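Here are some friendly notes to read alongside the model. Please keep the sequence and the 3D view open as you go through the points.

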Amino acid sequence: PAAPVASLSPRSSMGDEDENPMKALKIEKLILNISVGESGDRLTRASKVLEDLSGQQPVFSKARYTVRTFGIRRNEKIACHVTIRGEKAEELLERGLKVKEYELRKKNFSQTGNFGFGIMEHIDLGLKYNPSTGIYGMDFYVVMKRAGGGRVAKRRAKRTKIGFQHKCTKAETQKWFVDKYEGILTN
């Protein structure tokens, strides 16, 4: 008599989903944004702060329409932001979370598994205070991705959507934040 053959369903051969290295969460990019609300000298100084922080040249954002009460005109530069990836993004996120004492609110996380928070003073990140520059607050926004499988949505041939099972969820990102940074989630 032949030995009994273990049933090899695709699920059991893959092992538990947590073990699949392609499903691990990673930081795709970190966006730092300073909304000054006016063009001119203050905006230029804000861009200098972002350049010192990231070592990259910031991009300026323009107003979408004129708002008299805010004193802004359409297409006037009113903010600057910079996108950081890789090691640098992780290091800056660590510094940003340190300012927040690793404490984020549940509503800081989006349904698509990304999250963001703001800080009031850029000097908390370890930059020296310069009286001529002043103090700026900034927004951190973190876009998450899986370790593998993202190429299907980017390649030229046979492009397709990222499957539902492979999308990042709010709960997963919150768990990742708590595990990786020993973070605290508050209501």
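1. Where does A147 lie? You will find A147 in the loop between β6 (138–146) and α4. Please bear in mind throughout that this is a predicted model. A147 has a relative accessible area of 33%, so it is partly exposed. A partner to look for is A24: the two are 123 residues apart in sequence, yet their C-alpha atoms are 5.4 Å apart in space.

2. On to the salt bridges, of which a search of the whole structure finds seven. One of them joins E172 and R146, with the closest N and O atoms 2.8 Å apart. This pair links distant parts of the chain, since E172 belongs to helix α4 and R146 to strand β6, 26 residues apart. The two ends differ in cover: R146 counts as buried because its relative accessibility is 7%, and the cut-off for buried is under 20%. E172 is partly exposed, with a relative accessible area of 31%.

3. Helix α4 also holds a salt bridge between D179 and K175. Their side chains meet at 2.9 Å, N to O. Both residues lie in helix α4, four residues apart, which is about one turn of the helix. K175 is exposed, because its relative accessible area of 54% is over the 50% cut-off. D179, at 49%, is partly exposed.

4. Which residue does R95 meet in a salt bridge? The partner is E91, and the distance is 2.8 Å, N to O. Here, too, the spacing is four residues, about one turn, with both residues in helix α3. R95 is partly exposed at a relative accessible area of 24%, and E91 is partly exposed at 35%.

5. For the aromatic residues, the structure holds eight aromatic pairs. One of these is F115 with F177, a tilted pair with 6.2 Å from centre to centre and 50° between the planes. The pair links distant parts of the chain: F115 is in strand β5 (residues 115–119) and F177 in helix α4 (residues 170–181), 62 residues apart. Buried or exposed? F115 is buried, because its relative accessibility is 0%, and F177 is likewise buried, with a relative accessible area of 0%. Ring pairs also link a cluster made of Y102, F109, F115, W176, F177 and Y181.

6. Y102 deserves a second look for its backbone. Its phi is near 55°, a positive value in a residue other than glycine. Most residues other than glycine have a negative phi. Y102 sits in the loop between α3 (86–99) and β4 (103–105). N75 is another residue other than glycine with a positive phi, near 70°. N75 lies in the loop between β2 (59–62) and β3 (77–84), and it is partly exposed, with a relative accessible area of 45%.

7. Finally, which residues form a positive surface patch? They are K26, R85, K145, K154, R156 and R159. K26 lies in strand β1 (residues 25–35). With a relative accessible area of 40%, K26 is partly exposed, so it passes the over 30% cut-off for patch residues.

Methods: Residues numbered from 1 in each chain as written. Predicted model: local features only at pLDDT ≥ 70, side-chain atom pairs only at ≥ 80, totals over all residues. Heavy atoms only, no water. Patch = residues over 30% accessible without salt bridge, like charges linked within 9 Å, V, L, I, M, F, W, Y side chains within 5 Å. Areas by Shrake-Rupley, 256 points an atom, 1.4 Å probe, with all protein chains shown as cover. Salt bridge = Lys/Arg side-chain N within 4 Å of Asp/Glu carboxyl O. Lys, Arg positive; Asp, Glu negative; His and termini not counted. Charge placed at Lys NZ, Arg CZ, Asp CG, Glu CD. Helix = DSSP H or I, 4+ residues; strand = E, 2+ residues; numbered from the N terminus. Buried < 20%, exposed > 50% of the residue type's maximum accessible area, 1.4 Å probe, protein only. Phe/Tyr/Trp six-rings, centres within 6.5 Å; stacked < 30°, edge-to-face > 60°.
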